[in-house]
Amino acid sequence: MAAGKEIRGKIKSVENTKKITKAMEMVSVSKMRKAQDRMRAARPYATKVRDIAAHLGEANPEYVHAFMKANDAKDVGLIVVTTDKGLCGGLNTNVLRMVTTKLREVQAAGGIAHTVAIGNKGLGFLNRVNARVVSHVTQLGDTPHLDKLIGPVKVLLDAYAEGKLGAVYLCYTRFINTMKQEAVVEPLLPLSAAKIQSESKADAAAKGKAMSWDYIYEPDAQSVIDELLVRYVEALVYQAVAENMASEQSARMVAMKAATDNAGNVIAELKLVYNKSRQAAITKELSEIVAGAAAV
C-alpha cells in the first residue's frame, strides 16, 4: 500500500491548500467591498474639483496653466500603478504588458521614459527592464493615503511644468465590475481644457443645472487656478490607485475561488485513483487466497 499512502498524502496536502485558498477568498470578499466603497467615495471630490477647474478656465481664458500647455520634449513620464502582493490572476500582467508597449513606443520615438512605480510588482518589473525609475512608493496597505502619493508623483509634475517632459501617462487597472477589470494607459498631462469643460458641462446638463458662473478670488485667480489644477491631478492619481485596489481585491477573490474549485476537482480525482488502487490491492489478495486454497 505504498502507492496508497502516497496518494493519501497528496490528498491531505491539496485539502490544506484548499483551506488556505478558501480563507483568502473570504478575506478578499470583505476587502473588496471596502475598496469599492472607498473608490466610489473618492469620485465626488474629483468631480467637484474638475467642475471648479472648468468654471475657472471658462471665466479666465487669458491665463493658461503649465499643466495645460503642450511641451515639445520627447521624454515622457509614466505613473505605473500595480499591487504590492500577488495571487490576483493576470491583473498586473495585463497592465505591465501595456507599459512595455508604451516604453517601446517612447524608445522608438527617440525619447526616454521617466517612471514612477506605485506598488511592489511594478517596481520590480521596471527594475528588471532597466527603466528609469525616478521615484516609487510601496506598501500602501489596504487604504491609500494621498500624502504618501503626492511626493513621488510630484517629481513628474514638476518636470512637466519645467518643460522637460512632453506628456505624462497614468497606467493602472480600471474597475468595471467584480468580474471585469480593464488595464488602461491614460494621458494625465497635458490637461485638456476642452475635455474638462465638456465633461463638466455634460454632468451639469445631466443634473439639469446651469454651467457658467464666476468666483470671488483670494488672493487672485492665477494663484487659485495653480493650486486647484495641482489638486485635480492629485485627485486623478488617487482615484486611479483606489480603482486599482478595488480591482486587485476583485481579481484575487475570483482567482482564489477558481483555485478552491480546482483543488476540489483534484481531490476528487485523487480519491478516485486511491479507491481504484485500494480495490486492485484487495482483489489481488483475494485472488492469492483463492489460488492457495485451490492448491491445497
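Select strands β1 (residues 76–81) and β2 (residues 113–118) to begin, since here the two pair in the parallel sense over six bridges; pairing requires that DSSP finds at least two bridges between two strands, while helices (H or I, at least four residues) and strands (E, at least two) are DSSP runs, numbered from the N terminus. The model is predicted, with local features needing pLDDT of at least 70 and side-chain atom pairs counting only at pLDDT 80 or more, whereas totals for chains, interfaces and linings use all residues. Residues are numbered from 1 along each chain as its sequence is written, and side-chain values use heavy atoms, with hydrogens and water left out.

Next, pick Gly77, whose bridge partner in β2 is His114. Following the chain from β1, you pass through helix α2 (residues 91–108) before reaching β2, a β-α-β crossover that is right-handed, meaning that, with the strands pointing away from the viewer, the path from the first strand over the helix to the second runs clockwise.

Now add strand β4 (residues 167–177), which runs parallel to β1 and is joined to β1 by five bridges; in β4, Ala167 is the bridge partner of Val76.

Stay on β1 and show its side chains: Val76, Leu78 and Val80 point one way, Gly77, Ile79 and Val81 the other. Because six of the six residues of β1 are buried (under 20% relative accessible area, with exposed over 50% and partly exposed in between, 1.4 Å probe, protein chains only), the strand is largely enclosed by the rest of the structure.

Finally, move to helix α6 (residues 221–295) and select Tyr232, which counts as buried because its relative accessibility is 7%.
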